[in-house]
Amino acid sequence: MSTSITPESRGDAKRDSGRRRGRSDKTGHGTDAKLPKPAKTQVRLGDRVFLGSSRGAGILLLVIMAAIAVFLVVEALDALGKNDGNFLTDSTWVTDGAKPAFGVAGLVGGTVISAAIAMLIAVPVAVGVALFITHYAPRRVAQTLGYIVDLLAAVPSVVFGLWGLVFLSPKLIGLHTWLSDYLGWIPIFDKDDAGATARTLFTCGIILAIMVLPIIAAVTREVFLQVPRAHEEAALALGATRWEMIRTAVLPFGKPGIISASMLGLGRALGETIAVAMVLSSSQELVFKFLDPGGNTIAANIANQFGESNELGRGALIASGLVLFFLTLLVNGAARVVINRHKEFSGANA
Amino acid sequence: MTITTTDTAVSPAAADPLKLTRRTMPDWITWALGAAAVGLGVLVKAVQGNWALGAFYAGLFFIATVTAASWRLEDRRRAKDRFATSIVYTAFVLAIVPLVSILGYTIKKGFEELSPYFLSHSMRGVGPRDDTGGIYHAIVGTLEQVGLAALIAVPLGLLTAIYLVEYGRGRLARSITFFVDVMTGIPSIVAGLFVYSFWIMTLGFEASGFAGSLALMILMLPTVVRATEEMLKLVPNELREASLALGIPKWRTILKVVLPTAMGGIITGVMLAVARVIGETAPLLLLVGLTQSINTNPFSGWQSSIPLYVFEQNHAGNQFSGDRAWAGALTLIIIVMVLNLVARLIARWKAPKAGR
């Protein structure tokens, strides 16, 4: 085996061994049929128990996944049956009284807007970070710098929330005013409430960007490391500058990787709960002006409302959680499809 | 790998005696422009009193002038290259600044309150005007909840990974692999909602530490499976074949040869998974209830946990709760960072010699 194991060679080795093992199993079976030995059956028992329990663990995992979907759907349908409003187009959240009416339009809007802001900031920076670590940083310190960026992923979200609320959001008031002063003619940049705090969807977007950045950077870095060296050297040998080499050899190769990494990050940004719940000064209506306080996300709404909700309210929150579940499922599924089509860089280490 | 080859291509100092290369910009210009940018930043800070604004102007000034100088002294392609280089460096700085800010600010705010007293007392009977109280009940809760979650998730994850690598072929293995990926993407609040609707609403149990463990287990499981799977794949097939050739049954081969070989990496993966779930707040908010007193029994009665404590103290909004929230955050960060560093060190010491 060579000293450097690339994922391709690993995959090959695995497939290879699988074939080989499959064959040896078969021949074992064949000799067994001819010469039955009592000692063999004992061995078989251990193997059978071990295979059974490990397969059982795998099946249990599938059962858990199925149970998640089933239980959420059942509880959600229960609550939706009592809903007086339209669940998909309303943006009110009244779950007690004679006429409960709740809908996720405002929540989905806030979730999508904050995640979109996060993506717009995080993806270019993360690609830059990945390029820096793979192609610009001195080789000796590159790995350490990679670890340092990974540390950002280890910071718990509640700490992000606390930091965002106490430290970051007061500092962003100026940026909010500046953006609305100069870009206010674009409707979404308009700011109604001039002196307000910066506990807005925009601030949440920035915090989400910081949170998903290390995830995107890690996967993108893995992809950039797998660009064939021959391509890079060919570009340089033709007289390309480093940037031209990156543009012609690295980025085209890494493009599917960047896309799928971004979608993994998007999945995380959509589902982030506590940081948004702490920072955002929320309201139920559908908010497009993200520089004004207000708006809410699905996950943050669950965290904020759950404690004070009655039975029906919790069912309604579960229904909104189901929407979030399908939303992230869709995004992650798309990311996996892209990754699997280019099997050599699975995002497994992210 | 690639860095050594690319360095010579752009380094402005690489003067060619045969004059095959074009004119390059001398190094001192870059340095001088850098110094000028720093000066501008300090000036802006002095006038406007804002470091962020100073850094912004300094960066903008440096990128613009270096590109312009290179355009003038070299050529368009070099100018583009220098522009791209500055942007890439800027991106890295942009990623590091929040990390430094979060760690620095948490340490600064947290150290005021963090003390042996804080770590060894609960919040029982602490009124809104009291400067006492601590995090002990939350630490107990977190240790028990995460411990129980690991106790379930690690064997389950190990066995699943063994199945996928050593046995699994065909449709079952493929669907397990797919759903492990799907599980990785489940938002933590959704895991919490599931355990709530299953364990509390359907089975009728009370909120307890164990309910929280179940949600944490769901979040840990895919990480453990993934890490173990990657490590098992790294074990050379020659080892398996040597063992099988000696007539050792497959299950003993796995237990005595494959697992010990991969053990370092598996431990690393498990520790990273623990570090990930130890900071989870959202599912616990729905599942463990919330208490100010010490409850050592995770199976009955409400518990607290460190992230929940931070959230709750921040929410309380009285005179001393803010300090307690920061001290709790610092405790949490220290635990997570230590777990991460130890995991990385184990990975480095125990890693099979696998390049990179």
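## The nonpolar core

Let's start inside this predicted model. Its largest nonpolar core holds 195 residues, and the ones with the most contacts inside it are A:Ile68, A:Phe160, B:Val195, B:Met220, B:Leu221 and B:Leu232. Helix α3 of chain A, spanning residues 105-136, gives this core its largest share, with 17 residues. Another core, of five residues, lies apart from it, and B:Met25, B:Ile29, B:Val66 and B:Ala69 are among its members.

B:Met220 is a good residue to look up in the viewer. Leaving aside residues up to four places away in sequence, B:Met220 touches four alanines and four valines by name: B:Ala149, B:Ala150, B:Ala153 and B:Ala273, along with B:Val154, B:Val270, B:Val274 and B:Val277.

## How chain A is built

Chain A has twelve helices and two strands. Following the sequence, you meet them in the order α-α-β-β-α-α-α-α-α-α-α-α-α-α.

Of the 350 residues in chain A, 53% are buried. Among its contacts with a separation of 6 or more, 71% join residues 24 or more positions apart. The chain exposes about 15,500 Å², with 63% of that supplied by carbon and sulfur atoms.

## Annotated regions

An unreviewed UniProt entry marks several stretches of chain A as "transmembrane region": residues 58-81, 101-133, 145-166, 201-219 and 316-339.

Two of these stretches can be described further. Residues 101-133 of chain A are 88% helix and 6% strand, with their end C-alpha atoms 51 Å apart. Residues 145-166 of chain A are 91% helix and 0% strand, and there the end C-alpha atoms lie 28 Å apart.

Terms used. Residues numbered from 1 in each chain as written. Chains lettered and ligands numbered in written order. Predicted model: local features only at pLDDT ≥ 70, side-chain atom pairs only at ≥ 80, totals over all residues. Heavy atoms only, no water. Helix = DSSP H or I, 4+ residues; strand = E, 2+ residues; numbered from the N terminus. Buried < 20%, exposed > 50% of the residue type's maximum accessible area, 1.4 Å probe, protein only. Contact = heavy atoms within 4.5 Å. Areas by Shrake-Rupley, 256 points an atom, 1.4 Å probe, with all protein chains shown as cover. Core = buried A, V, L, I, M, F, W, Y, C linked by side-chain atoms within 4.5 Å. UniProt positions renumbered as here; feature names shortened; annotations may be inferred.
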